Amino acid sequence: MDPYEPNQIEAKWQAHWDKNKTFKVETDSSKKKFYLLEMFPYPSGRIHMGHVRNYTIGDTLARFKRMKGFNVIHPLGWDAFGMPAENAAIKNNTHPAEWTFENIRTMREQIKALGLSYDWDREIATCHPGYYKWNQWLFLKFLEKGIAYRKNSTINWCEDCQTVLANEQVVDGCCWRCDNEVLQKQQEGWFFKITDYADRLLEGCKSLSGKWPEQVLTMQTNWIGKSFGAEVDFKVNGSDQVIKVFTTRPDTLYGAMFMVLAPEHPLTFQLSRETEQEAAVDAFVKKVKNQDTIARTSETGEKEGVFTGAYATNPLTGESIPVWTANFVLMDYGTGAIMSVPAHDQRDLDFARKYNLPVRIVIQPKDETLDADTMTQAFSADGAMVHSQNFDGLIGQEARKKVCEYLEKEGIGKATVNFRLRDWGVSRQRYWGTPIPVVHCDSCGIVPVNYDQLPVELPLDAQLGEKGQSPLHTLESFYKTDCPKCNAPARRDTDTLDTFICSSWYFDRYTSPRQEDSPFTAKDNGYWMPVDQYVGGIEHAILHLLYSRFFNLVLNDLGLTQAKEPFDHLLTQGMVIKDGAKMSKSKGNVVDPDEIIKSYGADTARIFILFAAPPVKDLEWSDQGVEGCSRFLKRVWRIFCEFADDVKTATPPDENFSTSVKELKELRRMTHVTIRRVTEDIEKRMQFNTAIAAIMEWVNHLYHFKEWKEKQKALSEPVKAVIREAMESLILSLSPFAPHIAQEMAAILNFSDALDQEKWPIYKEELTQTDEILIVVQVNGKVRQKVQVASGISDEDLKSLSLSDPRIQEWTQGKEIKKVIIVPKKLVNIVVK
């Protein structure tokens, strides 16, 4: 038989699968469905090993589930809108559409070369009008429901480039393109009311526990950030202005010694006007605008602030307290203002010590007395209220409840719930995205485009400005239109939608990818959704996954979908590491999948990616590991060739098969043990590395069996039957991991030319049992001997056998045997004195 030639074998079967549309799937209510989905890629140009890992994990499970009898949908598409295409267009002097579609063609061929079992008839690209039409349709539905609305927000603006920048495009306060200073200004834009769904999103996290990584659920829970407390009004002295704060500790109100406003808070500017602090506040606000929000709020970041020149009145003590502005308070959390209680908040205490602000203890712990003058650690736990007038002595939840009741009674505050989550700003002042389907009319205001006029197409003849400026607001052929309501001249909205919208419902579109009169049909969506297994990186734990869950809830409310959650199970795979760092072009440690496939074959790449580490762990790239996996597949091929001609016409043993030949019994045992191990490792644990290890051990045993086979003058039919069973089982067990070589072996045996349609092998528990077991014999807890015994041996016989063993007698001779401890089928421990 020919030597193993992976490139020829893989090209052959990929062409076969493509021609026969082997993995095409249809809705079929008579079959149990399984929806397997990997997070769809951005068409950046070429796939990398991170892609390979993501898709190979998913493909392995998809192939396994097909063989288990499921109707498996396994689609792929392209998250094709976004800034990278614009950046590449500027760099390469090309159009974003041309760059994107060329990359899609390249990456599609690369992905096909991996032998991934996608239904390519379901392929989508979010930059195609046939897809983003439904982004616009859904936006109008959100608008009708009151979920989409407009308001002012702060944006990053580069005056030199005349464009809005995302936060990640601001480097040290400067534009990443031109290095000029970035300004922050107010601009009106579109938002989605995700905050209306905060409680339901939190409840959903509970239902996903045990099915999603707890780390992801914790990150989402913290991002939503539900907290119970009180909203309290502090009146600004000499003004009718009120500073509203939210606090989770109303029991510490008597210890509020100063206020702190976010630099972006409108009152920061207003309160400092015509005071001695005006210049200092302006300089500080300008400085903070250049600081990263994560750094501003981190525990280790430096806490800085300035006095605004104004005072407010503590509503419970009646004292005037100074109003400061500081970098650690953010406008988009709570009310953008806090009351500072330095004795009971470490950040506030550090700030107070730095700027010589007063400290007052209002909560005392049970077992010690705090000293406001000397304390270096704030006491933030529950304790008895002190220096708090009529509330002294109250503790914890009771104290907070009583203070809230008093605030409400006096009209100076109320108990409330606060969320860290903020509404989702979806306007982008970019070109390469979904046009927003509304027009602005001088007479009618904002008017939605009629549904029958969708899609509002992105003009592909538009050219980006030299520095990336969107051409939409200057392109008359795009923005000039008529009002749908009064037919007067009007102007299209020239913003585009956040590309996260594209990825917030794409899994629904896959269920009816060519549907022309709706985003998807109720029948198809009801059958396929939810996604049973979603695979992707943990970097998407919050935004993409949270937005998708939000979209699903809205679609539930609109009566379009039924699934309570879009993704039933989530696997977040680890990164691919090389030379101690994540693979990236900037680090120069990228491994090109094409080169691996060319040198070793796609099956080797797949086996290595799956064998080198469990899916959820980081994978350390190893050239030696790749070579080892290549050698393993060559060993598989050689051992298969050794047996293939002997068993082409044989059939596996039937139910009545029996043999007394030790070697045949052991081969059957190894076959069924391996099937069990591989099945459970995939199905129960998703531990593909240990499943492959089990197959490797099995192959080693086949080589030992070959030595016995070569000693036989001729192979009897029972021998051929057992070997045939082993070969078919090897092919089937290997096929999810290395589908090309498995399919080639199946064809040679005239076994199958469509392994995904074959049934997964079923192990027989009785055949996994061995006639003999290994028993460890100890003397006083130390291993002194190992003996092979019959698996059904009695405890009394095992005791006699152990005591009569010559080696054991060397350790027990002349000593008193106090007792013999037997752990059935494992060990014997002889205690002597």
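**Close-up views of a predicted model**

**View 1. The whole protein, with 54% of its 833 residues counting as buried.** This is a predicted model, so take the picture as a computed one. Counting up the pieces gives 25 helices and 33 strands. If you put a box around the C-alpha trace along its principal axes, the spans come to about 110 × 80 × 50 Å. Now look at who touches whom: among contacts with a separation of 6 or more, 72% join residues that sit 24 or more positions apart.

**View 2. The outside of the protein, about 38,100 Å² of exposed area.** What share of that area do carbon and sulfur atoms supply? They supply 48% of it. Charges come next: the protein has 102 positive and 115 negative ones. Take the mean position of each set, and the two points end up 4 Å apart.

**View 3. A cavity with a volume of about 30 Å³.** How do you spot a hole like this? Rolling a probe the size of a water molecule over the atoms shows where empty space is left. Searching the whole structure turns up one cavity of 30 Å³ or more. Which residues line the largest cavity? You can pick out Asn 156, Val 170, Gly 173, Val 182, Gln 184, Lys 289 and Asn 290 around it.

**View 4. Leu 458, in the loop between β21 (445-448) and α13 (476-479).** Is this loop residue, Leu 458, buried or exposed? Leu 458 has a relative accessible area of 5%, so it is buried, because anything under 20% goes in that class. Setting aside residues up to four places away in sequence, Leu 458 touches Phe 81, Tyr 132, Tyr 431, Trp 432, Gly 433, Pro 435 and Leu 472. Take Gly 433 from that list: Leu 458 and Gly 433 are 25 residues apart in sequence, yet their C-alpha atoms are 7.8 Å apart in space.

**View 5. Ser 548, a residue of helix α16 (residues 543-557).** How accessible is Ser 548? Its relative accessibility is 0%, so Ser 548 counts as buried. And which residues is Ser 548 in contact with, once neighbours within four places in sequence are left aside? Look for Ser 503, Ser 504 and Phe 507, along with Pro 566 and Phe 567.

How values were computed: Residues numbered from 1 in each chain as written. Predicted model: local features only at pLDDT ≥ 70, side-chain atom pairs only at ≥ 80, totals over all residues. Heavy atoms only, no water. Helix = DSSP H or I, 4+ residues; strand = E, 2+ residues; numbered from the N terminus. Buried < 20%, exposed > 50% of the residue type's maximum accessible area, 1.4 Å probe, protein only. Contact = heavy atoms within 4.5 Å. Areas by Shrake-Rupley, 256 points an atom, 1.4 Å probe, with all protein chains shown as cover. Lys, Arg positive; Asp, Glu negative; His and termini not counted. Charge placed at Lys NZ, Arg CZ, Asp CG, Glu CD. 1 Å grid on protein atoms, 1.4 Å probe; cavity = no way out; pocket = protein on both sides within 12 Å on 5 of 7 lines; lining within 4 Å. Points joined across faces, edges and corners; volume = space filled by probe spheres on them.
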